[in-house]
Number of protein chains: 2
Amino acid sequence: MKMEFNKIYPFWEKLSAEEQRLISDGCMVETFEKGMLMHRSDEECRGLMTVLSGEMRTYILSEEGREVTLFRVRSGEICVLSASCLMDSIDFDVLIEATEKTEVLILPSTVLNSLMKGNAAVELYLYKSATDKFSDVMWTIQQILFQKIDQRVATFLWDEMAHKELKEIALTHEEIARYIGSAREVVTRVLKYLASAGAIELKRGKICVIDKEKLKTFL
Amino acid sequence: MKMEFNKIYPFWEKLSAEEQRLISDGCMVETFEKGMLMHRSDEECRGLMTVLSGEMRTYILSEEGREVTLFRVRSGEICVLSASCLMDSIDFDVLIEATEKTEVLILPSTVLNSLMKGNAAVELYLYKSATDKFSDVMWTIQQILFQKIDQRVATFLWDEMAHKELKEIALTHEEIARYIGSAREVVTRVLKYLASAGAIELKRGKICVIDKEKLKTFL
């Protein structure tokens with residue numbers, strides 16, 4: 001397998017030749033179809049996942065089945081929570097699913113575990129990455145707790161547009177509701193409101209942003 | 001100043017004699033009265049705070065002035081977020097206040113900064129502590145998002161009772177509302193409901209748990 005490990009793992013240069021070999025021998029590429037569950041905390045953890053293409057969604061789930069998306073991990077990013085079983089400081093449960101067809105590089109838990117024990121740079125990298133995610137989650141939580149629902153929907157559409165560099169967002173109202181931690185009915189109501197204001201147009205299975213400046217006024 | 005630094009800072013044994021001297025010379029004890037703001041992210045950060053006695057509350061604040069308590073830090077615990085300016089991975093704003101008269105040991109930012117740069121064990125300790133707090137915050141968030149309000153009030157009273165080892169909780173309804181991120185009116189309604197069920201008794205400025213087993217049924 002040809003991988004530019006030095007670009008994928010920032011701690012690469014701090015590893016011995018032997019440690020680097022452990023990674024290049026142990027890493028594997030896996031593909032997940034849209035909607036597949038890639039990780040759940042109550043099962044054995046696979047290891048550190050890096051998204052090569054596609055996107056994963058990290059979320060929490062209530063006993064009643066309500067989902068709240070914490071953050072998404074996009075191409076080139078790592079998802080440190082998929083290795084949470086190796087980090088004593090993490091004791092909450094998350095689920096990770098592929099939101100589209102997603103290819104990931106997996107550094108297996110067994111390999112990562114021996115690297116962590118032997119090299120402080122690896123352990124520090126993991127805990128720094130976890131703290132990064134702490135910041136992401138705090139941003140999400142502030143949106144959920146403090147923003148009005150029309151603002152949240154508008155912010156979501158705005159961010160989607162920026163990430164995908166598209167004016168068409170191919171998501172159902174149900175999917176948007178899951179991303180922002182709301183109910184489908186509520187999202188539909190807000191989308192109709194944004195459409196009536198002339199910011200977006202609702203089409204079958206997708207949403208078109210027709211007036212960016214107008215959408216911006218709802219942020 | 002006589003302090004048992006080896007018990008306060010788990011990385012103490014991994015410091016050189018020179019680094020240990022930096023700490024024992026640089027640390028200071030400060031006392032905050034009840035309700036005093038000890039830290040806010042938009043001001044210069046003081047350093048790593050360890051609670052010697054009393055209690056601090058870490059919370060976020062909306063533009064409209066709504067507060068949500070993230071977690072509390074009790075005697076013997078450190079509050080890593082008071083040193084957030086030294087950690088690039090933390091980019092959210094929190095406020096920290098004393099919930100009662102509180103004495104803290106402060107390891108000033110300047111000293112901490114040079115220790116972090118010179119000793120990986122110190123940096124790792126800070127990021128591990130931040131990840132611990134990530135877990136605490138996730139617990140709080142799941143309470144707020146997924147629990148019914150009567151459950152949240154009952155859980156709060158239960159935890160207070162356990163921490164203070166008292167059956168009387170000397171807090172106003174307003175204060176409880178701030179801790180659990182709700183409104184005073186809502187807390188008052190739930191407390192009356194718990195009182196009518198025979199779990200608690202409401203007295204002037206305090207709440208008495210009169211039937212622990214009954215209160216437990218609301219958790």
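A residue counts as buried when its relative accessible area is under 20%. The model shown in these views is predicted.

**View 1. Strand 5 of chain B, a largely enclosed strand.** Strand 5 of chain B covers residues 67-74, and seven of its eight residues are buried, so the strand is largely enclosed by the rest of the structure. Its partner here is strand 4 of chain B (residues 55-61), which pairs with strand 5 of chain B in the antiparallel sense over seven bridges. Across this pairing, Met56(B) stands opposite Val73(B). The two strands form a hairpin, with five residues between them. In the turn, Gly65(B) has a positive phi of about 95°.

**View 2. Tyr9(B) in the largest nonpolar core.** This core has 104 residues. Those with the most contacts inside it are Tyr9(A), Ile23(A), Tyr9(B), Ile23(B) and Leu48(B). Neighbours within four places in sequence aside, Tyr9(B) touches Ile23(B), Cys27(B), Leu48(B), Thr50(B), Leu105(B) and Leu107(B).

**View 3. Packing of helix 4 and helix 5 in chain A.** The axes of helix 4 (residues 120-146) and helix 5 (residues 149-164) lie 10 Å apart, at an angle of about 140°. From helix 4 of chain A, Trp139(A), Gln143(A) and Ile144(A) meet Arg152(A), Thr155(A) and Asp159(A) of helix 5. Of these contact residues, two are nonpolar, two polar and two charged.

**View 4. Chain A and chain B as two related copies.** A turn of 180° with a shift of 0.0 Å along the axis lays chain A on chain B, with an RMSD of 0.0 Å. The copies are therefore related as by a two-fold rotation axis. Both use the same surface: 100% of the contact residues of chain A recur in chain B.

Technical notes. Residues are numbered from 1 along each chain as its sequence is written. Chains are lettered from A and ligands numbered from 1 in the order in which they are written. This is a predicted model: local features need pLDDT of at least 70, side-chain atom pairs count only at pLDDT 80 or more; totals for chains, interfaces and linings use all residues. Side-chain values use heavy atoms; hydrogens and water are left out. Axes are lines fitted to C-alpha atoms, for helices over the stretch in contact, and angles run from 0 to 180 degrees between N-to-C directions. Helices (H or I, at least four residues) and strands (E, at least two) are DSSP runs, numbered from the N terminus. Contact means heavy atoms within 4.5 Å. Ala, Val, Leu, Ile, Met, Phe, Trp, Tyr, Cys and Pro count as nonpolar, Asp, Glu, Lys and Arg as charged, and the others, Gly among them, as polar. Copies are superposed by least squares on the C-alpha atoms of residues with pLDDT of at least 70 in both. A nonpolar core is a set of buried Ala, Val, Leu, Ile, Met, Phe, Trp, Tyr and Cys residues joined through side-chain atoms within 4.5 Å. Buried means under 20% relative accessible area, exposed over 50%, partly exposed in between (1.4 Å probe, protein chains only). Two strands pair if DSSP finds at least two bridges between them.
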